[in-house]
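Please consider the model shown here. The exchange below concerns its strands and its surface charge.

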Amino acid sequence: MDLFDKFKIWVSFIFLVSQVGHGFYLPGSYPHKYGVGDTLSVKVNSLTSIETEIPYSYYSLPFCKPQDGVKDSAENLGELLMGDRIENSPYRFKMYTNETQIFLCKTKPLSSDEFEMLKKRIDDMYQVNLILDNLPAIRFTKKDGFVIRWTGYPVGVKVQDLYYVFNHLKLTVLVHKYEEPNVARVMGTGDSAEMIPTVDPGSEVPGYMVVGFEVTPCSFQHKSRSLKDLEKMYLRYPSAIECDPSAVGMSIKEGEPIAFTYDVTFVESDIKWPSRWDAYLKMEGAKVHWFSILNSLMVITFLAGIVLVIFLRTVRRDLTRYEEVDKEAQAQMNEELSGWKLVVGDVFRSPTYPSLLCVMVGNGVQILGMAVVTILFAALGFMSPASRGTLLTGMVILYMFLGIAAGYVSVRLWRTIGCGDKKGWASVSWKAACFFPGIAFLILTTLNFLLWHSNSTGAIPFSLFVILILLWFCISVPLTLVGGYFGAKAPHIEFPVRTNQIPREIPPQKYPSWLLVLGAGTLPFGTLFIELFFIMSSIWMGRVYYVFGFLFVVLILLVVVCAEVSLVLTYMHICVEDYKWWWKSFFASGSVAIYIFFYSVNYLIFDLKSLSGPVSATLYLGYSLFMVLAIMLATGTVGFLSSFWFVHYLFSSVKLD
């Protein structure tokens, strides 16, 4: 294969990656063609609110139910963990067939419990989330000359002392003619003609793809006379329905029913099927987002470069001094100077709680590997917003299989600290398999009891709890033990110098060493605090996060900065004859988690100030604590491994007597 052929292969690969990343495609995902008159069924997701962050089932409120009963749609593990409950709905219409004033149902007279629940959901600003052809319903509103996009629509609104429910929907379905050649080109696969529905060139019946789904909610007071003759679904309402989003008409009262109707209009659009998610991915202030990210990356890279240059020059100078002096000068320098050379007999002394350190480093490798692979796949478009729960499902699966890495690293580090002793490797493997998952299980179980008590769909079902425990002990634990077995068989890392039997006394320090360790987390925090805002907004404000390319760059930069910060702190400690660097190197970069937790509290107070109720605040702080713990283990592992490599390299590169 010549150079030109290799070049063509790389160009083809880059083109394919760019197509995948731009079009947000998943393997096996392709457009669905509907013929004119084909039935379109709308699904409903959980009711959500940024006021409480507690999702509820759509049918927990007195809404119309399908004639054939409520049925759950196919859900993956990630959807269940995120609290999504996708179910069928009574909203049905035919492709490219406009319909108006369609009667859906009239509920039974509202009981006192239903009336109070409706008022509470309206007060908490709960949103109804409709889904058509895997597209969430989107709502456009104008405010101060700007168009604001929302997913879903409110259950109702409170005006003065009355509560009004949105009981009439104007649904707009944007469609685009099915174009087989273009779809085949986008998919870029040789067997696409077999996978994608085809249209007969001689057929006069066009096919259409759904490329948009918009909703305009209205509150309309139906006439009691008109409702008497309507007993079945999908009949036409006899009188005109005026849908004015700025006006309200249907107030809810205890003991009175609610009637629901809808209109549907089909509009042919120029939007291509690969671009149908663009309306959901447009974020307000996008220019500020890109500029802030780039500015943060440049500043942090510049600071890290300065630290790295100064650090390398200092180490090289010390190495040169210690290697070039003769023995007499070296002895004199040992008496007159203090430095890292004086702790040669103690620098590799076993740290306190060595098994805990090994377990935390192993779990950190597991979490970091999961994060890198997940974000990389998401940046390439394999975990698109079109597939709900895929991101979380992928993270869980990757974490389980990376148990091999956790067991291997934990046991090999344990043997290194113990100078090759294999005793206790099984215990270390078990601890690595149960440490972080056990803490996560404890936090999530506590939060789940709160959600169960609130009858929220965010609560993990008991059956899923059993499945997660089985996955933990049947897949993750055995794989971690297998990794530990290989770690016990692998040769341990030998220390370049011997450790004295009597530990050296550490001279008193001017400043507490832990103060420097805690302060070191500010620099890694500076690499991600801007991106952290957008991630928090996507989690708690219902926005779609899609800039995984930038997130991957920020992650790589975070790893580099964590390594550099820990190296500098470790060198500073051994220069003042403080040889207890093991835990300090871990927390020098791991202390970024403290600042992230403070930032989470700040976000709760100032950005989620409308979050109501102690249950909501507890859920927020609990999930934040879970996230902070994972970040501490990942960043601390980076700092520790880089410092361990540096100390080993430093004391093996200089001749010491």
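A biologist puts questions and a modeller answers them.

This is a predicted model, in which local features need pLDDT of at least 70, side-chain atom pairs count only at pLDDT 80 or more, and totals for chains, interfaces and linings use all residues. Residues are numbered from 1 along each chain as its sequence is written, and side-chain values use heavy atoms, with hydrogens and water left out.

Biologist: Which strands stand at the edges of the open sheet of 4 strands?
Modeller: Strands here are DSSP runs of E with at least two residues, numbered from the N terminus, and two of them pair if DSSP finds at least two bridges between them. The order in this antiparallel sheet is β3-β2-β6-β7. One side of each edge strand lacks a neighbour in the sheet because each has a single partner strand; these edges are β3 (87–94) and β7 (135–136).

Biologist: Which residue in β3 is the bridge partner of valine 44?
Modeller: Strand β2 (residues 39–44) runs antiparallel to β3, and 5 bridges join them. Within β3, the partner of valine 44 is glutamate 87.

Biologist: What is the phi of aspartate 144 in the turn?
Modeller: Strands β8 (residues 138–143) and β9 (residues 146–151) pair in the antiparallel sense over 6 bridges, with arginine 139 opposite tryptophan 150. The two strands form a hairpin with 2 residues between them, and aspartate 144 has a positive phi of about 55 degrees.

Biologist: What is the relative accessible area of lysine 223?
Modeller: Lysine 223 is found in the loop between β14 (207–218) and α6 (224–228). Lysine 223 is exposed (over 50% relative accessible area, 1.4 Å probe, protein chains only), the value being 52%.

Technical notes
Buried means under 20% relative accessible area, exposed over 50%, partly exposed in between (1.4 Å probe, protein chains only).
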